[in-house]
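Reader: Hello! Could you take me on a close look at a single helix and its surroundings, with the cut-offs spelled out as you go?

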Amino acid sequence: MAQASTTDHLVATLRDTVVSMVRRDGPDLSARQLGVFLTCYLQDGAHTVRGLAADLNVSKPAITRALDRLGELDLARRKVDPMDRRSILVQRTLKGAAYLRELRSIMSEASTTSRRSGPVEERSGRRAAG
């Protein structure tokens with residue numbers, strides 16, 4: 001029962017975070033773009049298109065499209081690896097670091113709200129299946 005409660009809390013936090021992100025002014029990222037962004041910002045070390053594709057188990061063109069959007073928003077940038085000119089490094093940006101701080105703040109608030117509000121079923125007026 002405790003695991004279901006924790007899972008419900010996490011799902012409610014995710015929902016509240018996504019809703020807050022959609023409602024505010026600022027970049028609107030797809031799940032894939034957000035996955036690439038978070039991988040680059042939360043995992044230490046150099047990131048390459050090839051490495052991100054392997055880590056996320058998606059194609060290199062899918063990573064390239066996500067990085068195109070992140071680059072348009074100045075949340076990440078690509079640079080040729082000076083040690084291996086065939087490889088592309090993904091770099092963090094100041095705007096990306098600010099976006100991550102904002103995301104953390106929104107998630108913290110969403111987590112607090114979902115804890116106070118109770119399980120998702122209670123907040124939506126629905127009962128859990130099962």
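Author: Happily; here is a walk around helix H4, followed by a visit to the aromatic residues of H2. This is a predicted model, in which local features need pLDDT of at least 70, side-chain atom pairs count only at pLDDT 80 or more, and totals for chains, interfaces and linings use all residues. Residues are numbered from 1 along each chain as its sequence is written, and side-chain values use heavy atoms, with hydrogens and water left out.

Helix H4 covers residues 60-72. Helices (H or I, at least four residues) and strands (E, at least two) are DSSP runs, numbered from the N terminus. The expected span of a helix is 1.5 Å times one less than its number of residues. For the 13 residues of H4 that gives 18 Å, and the end C-alpha atoms are indeed 18 Å apart.

Now for its two sides. In H4, the buried residues are Ala-62, Ile-63, Ala-66, Leu-67 and Leu-70; buried means under 20% relative accessible area, exposed over 50%, and partly exposed in between, with a 1.4 Å probe and protein chains only. These residues cover an arc of only 130° around the axis, so they sit on the same side of H4. That arc is taken from the directions from the helix axis to the C-beta atoms. The cover over the buried residues of H4 includes H2, helix H3 (49-56), strand S2 (76-80) and strand S3 (88-92), where contact means heavy atoms within 4.5 Å. On the face turned away from the buried side, H4 carries the exposed residues Arg-65 and Glu-72.

Glu-72 also brings us to the charges. Its side chain meets that of Arg-69 in a salt bridge, at 3.4 Å from N to O; the term asks for a side-chain nitrogen of Lys or Arg within 4 Å of a carboxyl oxygen of Asp or Glu. The two residues are three apart in H4, so about one helical turn separates them. Arg-69 is partly exposed at 27% relative accessible area, whereas Glu-72 is exposed at 59%. Just after H4, Asp-74 takes a positive phi of about 60°. Asp-74 has a salt bridge with Arg-77, at 3.5 Å from N to O. Both partners are partly exposed, Asp-74 at 31% and Arg-77 at 41%. A search of the whole structure finds six salt bridges.

H2, one of the elements covering H4, deserves a stop of its own. Its buried residues are Gln-33, Val-36, Phe-37, Thr-39, Cys-40 and Tyr-41. Two of these names return in an aromatic cluster formed by Phe-37, Tyr-41 and Tyr-99. Rings of Phe, Tyr and Trp (its six-membered ring) pair if their centres lie within 6.5 Å; planes under 30 degrees apart count as stacked, over 60 as edge-to-face and the rest as tilted. The whole structure holds two aromatic pairs by this search. In one of them, the rings of Phe-37 and Tyr-99 have centres 5.2 Å apart and planes at 85°, which makes the pair edge-to-face. Since Phe-37 lies in H2 (residues 31-42) and Tyr-99 in helix H5 (residues 94-117), the pair ties together parts 62 residues apart in sequence. Phe-37 is buried at 1% relative accessibility, and Tyr-99 is buried at 5%. Finally, the charged end of Arg-92 sits over the ring of Tyr-41, 5.7 Å from its centre; the criterion is NZ of Lys or CZ of Arg within 6 Å of the ring centre and within 35 degrees of the ring normal.
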